[in-house]
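Hi,

Here is the structure I said I would pass on. Have a look at it first, and then read my notes underneath.

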Amino acid sequence: MKTTLSLAILALCLASPLSLSAQDLKLNQIQVIGSHNSYKSQMAPELLDYLSKINPAASQSLAYAHIPLESQLDLGLRNLELDVFHDPQGGRYSNPKGLEIIQSAGGKLPDYDPSDALAKAGLKLFHVQDLDFQSHYLLFADALAALKKWSDAQPDHTPIFVLINAKDSQVPGTRSTLPFTASALDSIDLEIRTHLGMDKLITPDLVRGEFASLEAAVLAGNWPSLDEVRGRFLFVLDENEEKTERYLSAKPDLRDAVLFVNKKEGNPNAGFRIINNAVKDEEYIRDLVGKGYLIRTRADSDTKEARAEDYGTFEKAKASGAQVISTDYYQPSTFFESSYRVDFGEGGYERPNPVLVKNNMIIRNLTSKRF
């Protein structure tokens, strides 16, 4: 009898950690892998050759491409990065100069804009004006519509983190861009609201709740549970201090805002930090994760880690507990010989956060299937 009772108690003790299910995890208690410059399709080889003569480092860094956004999400990626250009009248980026370079080199002109999307008004979606202009979706609105369609078909998906770069850099030899003023930045919110809908969003207001500020809510652990925000997207403005302040002038205290912003801890608008050097900042990231912030970092950049088949940065990123890890190599390169590929093992791209979910039995249980 005593043996039977002891075995029963032991079984209960072993089973109790496994009783934690995905619904007990909060949004900040997971770790996901996603893509960098997610919209980017392959540059014409003639353009890469042209760049290699005038800027070899730039040419090397651009030698990557992605599969369509929906295909990335089908694989299990849960982070995307989208670069937008302000073009309220339409046509500013039509007929990119790179077409002349391709043609003069005897290359075949790509059918990069079959629906004449660049002529339409609204935010455009590509990497570098005139040069790296090929994209799976040239209109931000079309990309958002595709994400909504995919999400509606899979309403229980883990939340997807989307970083937004508001591109207005002036690149020598290319046409000038329009600046992202406060109203232009607010147009990003408008397009997201219009094409995704508020019911698809995790917003600063939702996380803040009754707290005085977003940061106060974050430090108090007020992130929603996974089950509360399945089927939703969280958008972040990944920009410099000046541009972030412009956005905040349109959305004071992030009230009624779609986008989170990359504000350093100690600021009332802090909640999501972008810290891209996991090697240098591993301990710093881990400390912030422990306090409640969401962090994005990178596993690789500029094709360097993939060319060297160096997983050191990825290992640091994983160990830091950064909730969002971006890569160009969720699949091996098709541009050069390399076996470099980033995942959590067995093709997995999401798991409980190793810094915040300590019990190994729980981790094994939850990673046996997707959230």
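One thing before you start: this is a predicted model, so please read everything below with that in mind.

I began with the inside. The largest nonpolar core has 64 residues, and the members that touch the most others are I188, I192, L234, F235 and F272. The biggest contribution to this core comes from strand β4 (residues 160–167), which puts in six residues. If you want one residue to click on, try F235. Leaving aside residues up to four places away in sequence, F235 touches L144, V162, I164, I192, L196, L201, V258, L259 and F260. There is also a second, separate core of 20 residues, with L48, L62, A117 and F126 among them.

From β4 you can step across to strand β2. The two pair in the parallel sense over seven bridges, and L80 has V162 in β4 as its bridge partner. You will remember V162 from the list of residues that F235 touches. On β2 there is also a pairing with β3, this one antiparallel and made of two bridges; here V84 is partnered by L125 in β3.

How much of β2 is covered? Strand β2 (residues 79–85) has seven of its seven residues buried. N79, E81, D83 and F85 point one way, L80, L82 and V84 point the other way, and all are buried. Notice that the first of those groups includes E81 and D83.

Next, there is an open sheet elsewhere on your screen. Five strands make it up, in the order β7-β8-β9-β1-β10, and the pairing is mixed. β7 (272–274) and β10 (350–352) are the edge strands, each pairing on one side only. From one strand to the next, the twist averages 20°. Inside this sheet, β1 (residues 30–35) and β9 (residues 324–327) run in the parallel sense, paired over four bridges, and S35 has T327 in β9 as its bridge partner. Helix α11 (residues 278–291) packs on the sheet, where it touches β7 and β8, and its direction makes about 165° with that of β8.

For the helices, I picked out one pair. α7 (residues 182–196) packs against α10 (residues 241–250) at an angle of about 75°, and their axes are 8 Å apart. That angle makes α7 roughly perpendicular to α10. On the α7 side the contact uses A182, L185, D186 and D189, and these meet K243, R246, Y247, S249 and A250 in α10. By type, the contact residues divide into four nonpolar, one polar and four charged. Helix α7 also holds I188 and I192, which you met above as well-connected core members.

Last, two backbone oddities. D116 is not a glycine, yet its phi is positive, about 60°. You will find D116 in the loop between α5 (98–104) and β3 (124–125). Is D116 buried or exposed? Neither, quite: its relative accessibility is 45%, so D116 counts as partly exposed. D302 is another residue other than glycine with a positive phi, near 55°. The place to look is the loop between β8 (294–298) and α12 (304–308). With 38% relative accessibility, D302 counts as partly exposed.

Shout if you can't find any of these on the model.

Cheers

Terms used: Residues are numbered from 1 along each chain as its sequence is written. This is a predicted model: local features need pLDDT of at least 70, side-chain atom pairs count only at pLDDT 80 or more; totals for chains, interfaces and linings use all residues. Side-chain values use heavy atoms; hydrogens and water are left out. A nonpolar core is a set of buried Ala, Val, Leu, Ile, Met, Phe, Trp, Tyr and Cys residues joined through side-chain atoms within 4.5 Å. Buried means under 20% relative accessible area, exposed over 50%, partly exposed in between (1.4 Å probe, protein chains only). Contact means heavy atoms within 4.5 Å. Two strands pair if DSSP finds at least two bridges between them. Axes are lines fitted to C-alpha atoms, for helices over the stretch in contact, and angles run from 0 to 180 degrees between N-to-C directions. Angles under 35 degrees count as roughly parallel, over 145 as roughly antiparallel, 65 to 115 as roughly perpendicular and the rest as oblique. Ala, Val, Leu, Ile, Met, Phe, Trp, Tyr, Cys and Pro count as nonpolar, Asp, Glu, Lys and Arg as charged, and the others, Gly among them, as polar.
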